[in-house]
Amino acid sequence: MSYVDGFVLAVSKAKLDDYKKLANLAGPIWMEHGALAYVECIGDDVPYGEVTSFPRAVQAKDDEIVVFAWAVYESRESRDAVMAKVMADPRLKTDWGDMPFDGKRMIFGGFKPFIEL
């Protein structure tokens with residue numbers, strides 16, 4: 001069974017083009033290092049909930065948009081190997097202060113699928 005990393009983050013609408021450039025750089029690098037799939041999505045129907053919601057989870061401000069992304073790997077072991085290569089790849093070396101989003105509000109984690117259709 002595969003393994004999935006999921007990411008949810010808030011991106012300033014003013015920096016959305018910068019984020020897309022970063023995603024277009026990162027996606028092929030993930031794939032080059034062994035990811036089976038890499039997907040980035042811009043929130044289209046993500047209302048601000050009264051108790052929980054995607055915008056609440058990342059403390060999205062009025063001028064921000066929610067991004068939901070994921071990468072798929074062959075296994076947890078494959079994910080760990082791919083992630084080590086991605087994190088060491090010099091093409092992605094950047095100062096976190098220069099990122100087009102606030103990494104402190106990003107939610108991420110690895111998931112074991114229990115159904116794959």
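Me: Which residue forms a salt bridge with Arg91?
Reply: First, a friendly word on the source: this is a predicted model, in which local features need pLDDT of at least 70 and side-chain atom pairs count only at pLDDT 80 or more, while totals for chains, interfaces and linings use all residues. Residues are numbered from 1 along each chain as its sequence is written, and side-chain values use heavy atoms, with hydrogens and water left out. A salt bridge is counted when a side-chain nitrogen of Lys or Arg lies within 4 Å of a carboxyl oxygen of Asp or Glu. For Arg91, the closest N and O atoms are 3.0 Å apart, and the partner is Glu32.

Me: How many residues apart are Arg91 and Glu32?
Reply: The salt bridge of Arg91 and Glu32 links distant parts of the chain. Helices (DSSP runs of H or I, at least four residues) and strands (DSSP runs of E, at least two) are numbered from the N terminus. Arg91 sits in the loop between H3 and E4, whereas Glu32 belongs to helix H1 (residues 16-32), and their separation is 59 residues.

Me: Is Glu32 buried or exposed?
Reply: Buried means under 20% relative accessible area, exposed over 50%, and partly exposed in between, using a 1.4 Å probe and protein chains only. Its partner Arg91 has 41% and therefore counts as partly exposed. Glu32 has a relative accessible area of 52%, which means that Glu32 is exposed.

Me: Which residue meets Arg105 in a salt bridge?
Reply: The N to O distance of this pair is 2.7 Å, and the partner of Arg105 is Glu64. The two connect distant parts of the chain, 41 residues apart: Arg105 in the loop between H3 and E4, its partner in strand E3 (residues 64-73). Both residues are buried. The name to note beside Arg105 is Glu64.

Me: Where is Lys104, and is Lys104 buried or exposed?
Reply: Lys104 has its place in the loop between helix H3 (76-88) and strand E4 (107-111). Its relative accessibility is 80%, so Lys104 counts as exposed.

Me: Which residues are joined with Arg76 into one salt-bridge network?
Reply: Arg76 forms a salt bridge with Asp80, with the closest N and O atoms 3.1 Å apart. Both lie in helix H3, four residues apart, about one turn of the helix. Arg76, at 41%, is partly exposed, as is Asp80, at 35%. Salt bridges that share partners join Arg76 into one network with Asp5, Arg79 and Asp80.

Me: How far apart are the end C-alpha atoms of H3?
Reply: The expected span of a helix is 1.5 Å times one less than its number of residues. For the 13 residues of H3 that gives 18 Å, and this agrees with the model, where the end C-alpha atoms are apart by 18 Å.

Me: What arc do the buried residues of H3 cover around the axis?
Reply: The buried residues of H3 are Ser78, Arg79, Val82, Met83 and Val86. They lie on the same side of H3 because their arc, taken from the directions from the helix axis to the C-beta atoms, is only 125°. The face turned away from that buried side carries the exposed residues Glu77 and Ala88. The arc of the buried residues is 125°.

Me: Which elements do the buried residues of H3 pack against?
Reply: Contact means heavy atoms within 4.5 Å. The partners of these buried residues are strand E1 (3-12), H1, E3 and E4.

Me: How many bridges join E1 to E3?
Reply: Two strands pair if DSSP finds at least two bridges between them. Nine of the ten residues of E1 are buried, so E1 is largely enclosed by the rest of the structure. E1 runs antiparallel to E4, with five bridges, and Val4 stands opposite Phe111 there. E1 and E3 also run antiparallel, Ser12 has Glu64 as its bridge partner in E3, and the bridges joining E1 to E3 number ten.

Me: What is the order of the elements from the N terminus on?
Reply: The chain has three helices and four strands. From the N terminus on, the elements run β-α-β-α-β-α-β.

Me: What radius of gyration does the chain have?
Reply: The radius is taken over C-alpha atoms, and the globule rule is 2.2 Å times the number of residues to the power 0.38. With 117 residues, a compact globule would be near 13 Å, which agrees with the chain's value of 15 Å.
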